[in-house]
Amino acid sequence: MALLDIKNIRVDFPTRRGVFTAVENVTLSVNPGEILGCVGESGAGKSTIGNTVIGLLEPPGRMSEGEIDLDGKRIDNLPYEAIRKIRGRRIGMIFQDPLTSLNPLQTIERQLVETITTHLPLNESEARQKAVDLLARVGIPEPDIRIGQYPHQFSGGMRQRVVIALALCADPEVIIADEPTTALDVSIQAQILDLMRELCRERQVGMIIITHDMGVIADITDRVAVMYHGKVVEEGPTKKILGNPDHPYTQSLISAVPRPDVRLKRFPLVEYIESAGQARKELDIANHWLGKARDFEAMDGPLLTLEKLHMRFVTRNAILPRDRRYLDAVKDVSFDIKQGEVFGLVGESGSGKSTVARMIAGLYKPTGGNIFFAGGELTALRTEREKDRYRRQMQMIFQDPYSSLNPRMRVLDIVAEPIRFHNLADDRKETETIVLDLLEHVGLGAAAAVKYPHEFSGGQRQRISIARALATRPRFLICDEPTSALDVSIQAQILNLLKDLQQELGLTMMFISHDLPVIRQMCDRVGVMRHGQLCEVAETEELFENPQHEYSKHLLDLMPKLDVLSHEGLEVEEAQ
Amino acid sequence: MISFVTGRLAQSIIVMLTVGLIAFAMFRFVGDPINNMVGQDTTVEQREQLRESLGLNDPFYEQYLRFAWNALRGEFGQSYFHRRPVSELLVERLPATLELSLVGAGLALLLGVPAGVYTALNRNGIFSNLIMSGSLLGVSIPTFLIGIILILIFGVIWRVLPTFGRGEVIDLGWWTTGFLTVSGLKSLILPSITLALFQLTLIMRLVRAEMLEVLRTDFIKFAKARGILTRSIHFSHALKNSLVPVITITGLQLGSIIAFAIITETVFQWPGMGLLFIQAVLEVDIPVMAAYLVVIGFVFVFINLVVDILYFVVDPRLRADRAASGGH
Amino acid sequence: MSTNTEQTYEAAAKERSGFSDVLRRFLDSDLWFSFRNSPVAIVATTVSIIIVFAAVFAPWLSPTNPFDLAQFDLLDSEIPPVWMADGDPRFLLGTDDQGRDIFSTILYGSRISLLVGFSSVVFAMAIGIPLGLISGYYGGHVDAIIMRIADIQLSFPAILIAFLIDGVARGVLPREVHDEMALYVLVFAIGISGWVQYARTVRGSTMVEKNKEYVQAARVIGIRRGTILMRHILPNVLGPVLVIATIHLALAIITEATLSFLGVGVPVTSPSLGTLIRVGYDFLFSGVWWITIMPGVALIILVLAINLVGDWLRDALNPKLR
């Protein structure tokens, strides 16, 4: 008999279009001191399981079948007061975003002490002492002082430590953590995961970690359950499931994970999950619209050159200049990108990589430095007309598929907008033909043109964005974290598409990401950024095998060790 | 903290000066003050003399400063209609309006806030639904109509309550109060309910909306996940966090009670500043209008200042991070 | 291969074109679903439409014309409504002190009330929406100034502002001109007192949309800022405006009625429901209650219906409650 037993549960959500079954036939168990991972892509139902166990399912959802036992006794059918007593005292929960999890108007002390005194027979000062000790254990420096502070006075990582302390302060036997590190910086993630593993072993707590991140699973879980469309498709010891999966879904999922240790030619097709999109026809580039009559001149030398680029933002405006506060988001950045190459820019959030991209694309005006592109100096251009010439040659793809398309425009108009603006077609018919062709080319099919963005999934929307970006036949494509918001399997498809397009059209690309394994797959050369400055620029393989700068080494150390993952079906790219 | 208060104070003063400017502009330029003060057979020379002696030919800013200085001392000249000093009229009428507004505001708050909390916590109860339906009705009936209906029921059909005037009042120095007599209190009932109803429903709906919003947040979910007592979640967590925006809007609403008093006083013939103002508008009695504007402006600016400071005191995020208070 | 997909596209395009597509999308939407399942919304909308219809077509629907001196007779004065003892089937809701049919006066009065209400809302939108767009999109000093003015105006109740503008107009304009212009002055006064809500909401939505990536994508393409504002941002910020407009309409009608009741609203020559109530108020104490109560009830029904529609709209369009 395990500590927590989830037996064959089914969770239904009645909606206006019928009953939606979020979770079906799920059986899981956790023992003391053990960490169970629950992995799946969005919509798999993993968060629903967590909410159901602790009884916080959003109405009208309800558990319609099955049973949940804690220490042998049934807990899913208890009256409200009984469940309330279990929450925090016997089962604790950690949510994803530490900022919104804490009451902004109460001190940490208040929140901790209240939780402790609600469940344990301690008085106020005893509870406070316990709270201080716990804060020290989770790694908050000067806990005696900081306990009196408010949540907004802590940084992101510190806040999550406070959340962990809150979940543990009444000494529960089970902890459920729902995406505990997703909202945190990469460098903090590892620390928090280590902390959780230590606490789990120390207190012999049974932990369920719900996540979409394979790296987290590989890092700290003992056993893992793989979820797909509300069902558990496979379950077992982590090493076995990740290294030698049996179920085709698990196999596809694993093969889609970008590897830090090798560079692949392409990601293998993950057909089990989504149809690979419509088959893309072979192109005769010289005669096809995309390759023909591209109105830019051939040139020698690097396509893009950045010289001492500098960007300063005013964070606090004031009447007197000395009272103003500034942020130097980009400092003294110089590099160039050769024609036909894929250049990667990697760094943590706040490193300035997105700011650099936006300066190149013309969304921000640099406070200092020069940008040379396609033979002209972008920073010297004044009128919109002059800039238009270069805009045709440079386009951008963004990160969030849900905000990068105007929800009120049809796909046809979205993709046609750049064509119409730059007068690239002779008439309406030609514009239409070009758009339909582009949509087919990115794997969506021409019929997509009449639909609206909300009718498409995240991956499909990114394809629309790519089609829009290609509509001006650019020679340079900036990709700002194009797959960070997508599920792993969809990411693989989109990255494949980008790779194919790059080779076919001879595009020069700048690829921005915080995810090193992805960079390794996509880029020829890489620049590493930190706090607005460029630390190192090197060939990709050089950087991964032999990093020069301290910070690069640090970032590489932080990469999740995915050696346990199976290498089945991967085509490694030969070294050049 | 100090800089925040001084900043707000500075803004308040600027607003007061602007209000004063508008009042002065009205006073000086709408109609001809001389014409309103003298009879028809005054000669042109005499009018010129009067103009000079009143300083009406002086430069604009001089006149404005004089007006402002007088206003500060409570001097607004003579009412065209009543032919008495405006300040006298104001002092006479002020207690009536203030007493009525206080009782109205008190009712609105004492009933509105608990009703809002109750309907938020018991979303689907029958009583809740009744209150919500009633509130929708309350927001749909204009104040004057509420007054008329109340008069019809309690004054005409069942003759139980007085429907005009203040009843008997007692002098306390320059103040006159209706609180100390039975007839005074009875006269207060219908007008104060009329005044309070609109505000009550607004406050109730606001408190309810805010609480429902807060109850949906992540930190409430986390508090529930920690097994915190329901009572504590509802009051220490949800209610306290709803109060921040509620304070602002409630403050503004209560200020507007003084404006709504105009309507109530008209319906019930309540001898307050509001009735004075309406008569002034109908008779184009500019000095009274200007004076009312300045006094009301002051009241609102004061209320806003208090609300801003309260906001600052209640929300720790504002205290620590002054950069955030851009004013919008 | 290409001919196949082109046909599919053409078929899809045909299926999706024109009004039938708009209708199909509407009928499939959450909004319509919510409407169908809310008896309150259905009743309220129906009542509102009936009232608006009756008001617009008053001259044709009304049994008598209360402005035509020949049509009423002093001998018919103060007759109670038809269901009471001395009622007369010619006058459904009774007559006033001049012998005018109250049902007719209500129909004509609603006309004025609705006219002033709608016009004020349109006026407020015409000021508020552009200011909100500019403020939210361009930011900087322009935004700071507009918002300061909005803040200051918000600290005074709308009705007081309407009062003041009306009062000043009265003082500035000579009597005859004022009577002619009274309706315009009223619309102006109520409109000016209400633009802030629109500006603030539109500004907030604009600031949210401005940072969305589709706006940035348009910039990267090269689309000019003004075009982005009109083509991309404007259509996406109008949603909440509808809810505000409905509630503002109710408020505008109440404000006009209040001002007219107090005697500072519409001129006597074009009486609104508020004027009717004022005129009838004098007779309340002598027991002739219907002259003031009937228009009162009509006003309540109208405003209640509009408020119900606004309430339902707010819930139906709120994405969080779906």
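**Stop 1: chain C**

Start by selecting chain C of this predicted model and colouring by secondary structure. You'll find 15 helices and zero strands. Line the view up with the principal axes, and the C-alpha trace spans about 85 × 50 × 35 Å. Of the 322 residues in chain C, 47% are buried. Now think about which parts of the chain meet each other. Take the contacts in chain C between residues at least 6 apart in sequence: 69% of them join residues at least 24 apart.

**Stop 2: chain B**

Keep chain C on screen and add chain B. Chain B has 13 helices and two strands. Here 41% of the 328 residues count as buried. Run the contact check again, with residues at least 6 apart in sequence, and 71% of the contacts in chain B join residues at least 24 apart.

**Stop 3: where B meets C**

How many residues does each chain put into the contact between chains B and C? Chain B brings 33 residues and chain C brings 37. To see where the chain B side comes from, select α1 (2–29), α6 (126–140), α7, α10 (230–268), α11 (273–283) and α12 (286–314) of chain B; each of them supplies at least two residues to the side that touches chain C. The largest share comes from α7(B), with seven residues. Try colouring the chain B side by residue class: you get 26 nonpolar, seven polar and no charged residues.

**Stop 4: one helix pair across the B–C contact**

Hide everything but helix α7 (residues 143–157) of chain B and helix α15 (residues 290–317) of chain C. Their axes come within 11 Å and cross at roughly 135°. What do we call that arrangement, then? An angle of 135° isn't over 145, which is where roughly antiparallel would begin, and so α7(B) and α15(C) are oblique to each other. The crossing of α7(B) and α15(C) is left-handed.

Next, show the side chains that take part:

- From α7(B), pick B:Leu145, B:Ile148 and B:Leu152.
- From α15(C), pick C:Thr292, C:Ile293, C:Gly296, C:Leu299 and C:Ile300.

Sorted by class, the contact of α7(B) with α15(C) holds six nonpolar, two polar and no charged residues.

**Stop 5: where A meets C**

Bring back chain C and switch on chain A. In this contact, 30 residues of chain A meet 23 residues of chain C. On chain A, go through α13 (384–391), β16 (394–397), α14 (411–421) and α15 (428–441), since each one gives at least two residues to the side that touches chain C. Which of these gives the most? That's α13(A), with four residues. Colour the chain A side by class, and you'll count 13 nonpolar, six polar and 11 charged residues.

**Stop 6: two domains in chain A**

Show chain A alone and give its domains two colours. The domain assignment puts residues 4–255 in domain 1, while domain 2 is made of 340–358 plus 384–558. Their C-alpha centres lie 35 Å apart. Where they meet, 10 residues of domain 1 are in contact with seven residues of domain 2. On the domain 1 side, the elements giving two or more residues are α8 (186–203) and α11 (248–255) of chain A. The largest share there, three residues, comes from α8(A). By class, the domain 1 side has four nonpolar, four polar and two charged residues.

**Stop 7: zoom in on A:Leu36**

Select A:Leu36, which sits in strand β3 (residues 35–39) of chain A. Is A:Leu36 buried or exposed? A residue is buried when 20 or more other C-beta atoms lie within 10 Å of its own. A:Leu36 has 23 of them, so this residue is buried.

Now light up its contacts. Leaving aside neighbours within four places in sequence, A:Leu36 is in contact with A:Leu28, A:Val30, A:Ile208, A:Thr221, A:Arg223 and A:Ala225. For a distance to check, draw a line between the C-alpha atoms of A:Leu36 and A:Gly236: they are separated by 9.4 Å, although these residues are 200 apart along the chain.

**Stop 8: helix α12 of chain A**

Last selection: residues 353–361 of chain A, which form helix α12. The helix is mostly covered, with nine of its nine residues buried. Among them are A:Lys353, A:Arg358, A:Met359 and A:Ile360. Step just past the end of α12(A) and you land on A:Gly362, whose phi is positive, near 90°.

Key
Residues are numbered from 1 along each chain as its sequence is written. Chains are lettered from A and ligands numbered from 1 in the order in which they are written. This is a predicted model: local features need pLDDT of at least 70, side-chain atom pairs count only at pLDDT 80 or more; totals for chains, interfaces and linings use all residues. A residue is buried if 20 or more other C-beta atoms lie within 10 Å of its own, exposed if 12 or fewer, and partly exposed in between; C-beta atoms are placed from the backbone. Two residues are in contact if their C-beta atoms, placed from the backbone, lie within 7 Å. Ala, Val, Leu, Ile, Met, Phe, Trp, Tyr, Cys and Pro count as nonpolar, Asp, Glu, Lys and Arg as charged, and the others, Gly among them, as polar. Axes are lines fitted to C-alpha atoms, for helices over the stretch in contact, and angles run from 0 to 180 degrees between N-to-C directions. Angles under 35 degrees count as roughly parallel, over 145 as roughly antiparallel, 65 to 115 as roughly perpendicular and the rest as oblique. A crossing is left-handed if the near helix is turned anticlockwise from the far one by less than a right angle, and right-handed if clockwise. Domain bounds come from an automatic or database domain assignment.
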